[in-house]
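This report describes one protein model, starting with its overall architecture and going on to confidence, surface and side-chain pairs.

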Amino acid sequence: FIFFRSVDEDRKIEYKAAVKIQSWFRGCRVRAYLRYLNKMVIFIQKWWRGYQSRRYFRRMVKTAYFIMKMNFYNEMAVRIQKRWRGYYVRKYIHNYYALKKYLEAISVNNEIVRSELQEYTEMREKEEKRKELEKKEKEKKYQARKMHYLLSTEQIAGIYNSPFRKSPDPMEVLLQKSKPLSHRQQQMKSPFADELYDWPTCRRPLTFSTVQPLPPIGRQKPQGPFRDTAEVLQQRYKPLEPTLRVAASINSPLEKAREEMKREEWRNRIHDNEFLPFSSYHKNEKYDPSVHRSGKYGQETYGIKHFREVQPKKWVSNK
């Protein structure tokens, strides 16, 4: 029993030793194989990456070479185009000699025009001076005719005929040559003159009276604050200019009449000026805004202060 027991123990010890040797050997072989696989993987990656880099570098070199060639060709083409365009422009468009000749012709023409303008200016100045002298001479003659009563007589010497002068005054000579100014008789105008038909406010043709007009009185204008007869007749026979209240139909609505008045004011350019002109005539008048004016004064009712509008600008004479 003891012998078999010792043999069994030795067999277990030897078995454990054999297992340990096999495990060590197998571990060494697996580790060596893994090292070999790692080395092969690194070699394959190195070779593939080198191939990829070389192919990318070839492509990059090829692209750079193509770009360099295109830049060179473009530069050569631009140089050729520049030479050709310069030659074409110098020969056919901006010819130096033709431009020089043209500028010389322009300078000559400018000199001629300037000389003519200078002559024209001198002529205009002479003409204006002549007209001014004629105007002064005419005014002087008119004053001489107007002051003809200052002419010297045989008994009384005039103010221009001084006894201390060796020669007579030029004004005295002019008074002797001129005629006295006579007053004109005022002509009476008919109320049916041609100028009445040209008024823009005339809506219908005038009707002529069958009564024969009286002959004009051949006398001068009466002394006193009386207006001219023609002005009085013209104001008397002036056509009626009705306001909106009179001109509009009674059946038309109020808004339609207001719109019509707005269009009329816009067409005739009638502006509602807030500030009155600087004159003493309108000093005490109250400001009456337009019917359709919108402002700080507000909108007034239909119609204005008077039944018939007062328009001093259309008066024939001042009242």
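Read from the N terminus, the protein follows the pattern α-α-α-α-α-α. The secondary structure amounts to six helices and zero strands. The model is predicted, and the confidence values below belong with every structural statement.

**Confidence**

The mean pLDDT of the protein is 78, and 67% of the residues reach 70 or more. Among the elements, helix H1, which spans residues 2–93, has the highest mean pLDDT, at 93. The lowest mean value, 60, belongs to helix H5, residues 244–247.

Two segments have pLDDT under 50 throughout. One covers residues 191–202, where the model has 18 contacts beyond four places in sequence. The other covers residues 297–302, with 16 contacts beyond four places in sequence. Where pLDDT is low, the predicted coordinates should not be read in detail.

**Annotated span**

The unreviewed UniProt entry carries the annotation "coiled-coil region" for residues 110–146. In the model, this span is 100% helix and 0% strand. The C-alpha atoms at the two ends of residues 110–146 lie 52 Å apart. Helix H2 covers residues 96–146.

**Burial, contacts and surface**

What share of the 319 residues in the protein is buried? Buried residues make up 10%. The accessible surface comes to about 30,600 Å², and carbon and sulfur atoms contribute 58% of that surface. Of the contacts with a separation of 6 or more, 59% are between residues 24 or more positions apart.

Glu-172 is one of the buried residues, because its relative accessibility is 1%, and a residue counts as buried under 20%. This residue is found in helix H3, which runs over residues 170–177. Leaving aside neighbours within four places in sequence, Glu-172 is in contact with Leu-150, Leu-151 and Ser-152, as well as with Tyr-160 and Asn-161.

A nonpolar patch on the surface is formed by Val-30, Tyr-33, Leu-34, Tyr-36, Leu-37 and Met-40. Together these residues have about 580 Å² of accessible area. Met-40, one of the patch members, lies in helix H1. Its relative accessible area is 31%, so Met-40 is partly exposed. That value also satisfies the patch criterion, because patch residues need over 30% relative accessible area.

**Salt bridges**

The count of salt bridges comes to seven. The table gives three of these side-chain pairs, with the N to O distance for each pair.

| Pair | N to O distance |
|---|---|
| Arg-11 and Asp-8 | 2.5 Å |
| Glu-134 and Arg-130 | 2.4 Å |
| Glu-260 and Arg-263 | 2.8 Å |

Arg-11 and Asp-8 both lie in helix H1, three residues apart, about one turn of the helix. Arg-11 counts as exposed because its relative accessibility is 54%, over the 50% limit. Asp-8 has a relative accessibility of 29% and counts as partly exposed.

Glu-134 and Arg-130 both lie in helix H2, four residues apart, again about one turn of the helix. Glu-134 counts as partly exposed at 43% relative accessibility, and Arg-130 counts as partly exposed at 36%. Residues 110–146 carry the "coiled-coil region" annotation in the UniProt record.

Why are Glu-260 and Arg-263 separated by about one helical turn? Glu-260 and Arg-263 are three residues apart in helix H6, residues 254–268, so about one helical turn separates them. Glu-260 counts as partly exposed, with 38% relative accessibility. Arg-263 also counts as partly exposed, at 44% relative accessibility. Elsewhere, salt bridges that share partners join Glu-127, Arg-130 and Glu-134 into one network.

Key. Residues numbered from 1 in each chain as written. Predicted model: local features only at pLDDT ≥ 70, side-chain atom pairs only at ≥ 80, totals over all residues. Heavy atoms only, no water. pLDDT = per-residue confidence, 0-100. Contact = heavy atoms within 4.5 Å. UniProt positions renumbered as here; feature names shortened; annotations may be inferred. Buried < 20%, exposed > 50% of the residue type's maximum accessible area, 1.4 Å probe, protein only. Areas by Shrake-Rupley, 256 points an atom, 1.4 Å probe, with all protein chains shown as cover. Patch = residues over 30% accessible without salt bridge, like charges linked within 9 Å, V, L, I, M, F, W, Y side chains within 5 Å. Salt bridge = Lys/Arg side-chain N within 4 Å of Asp/Glu carboxyl O.
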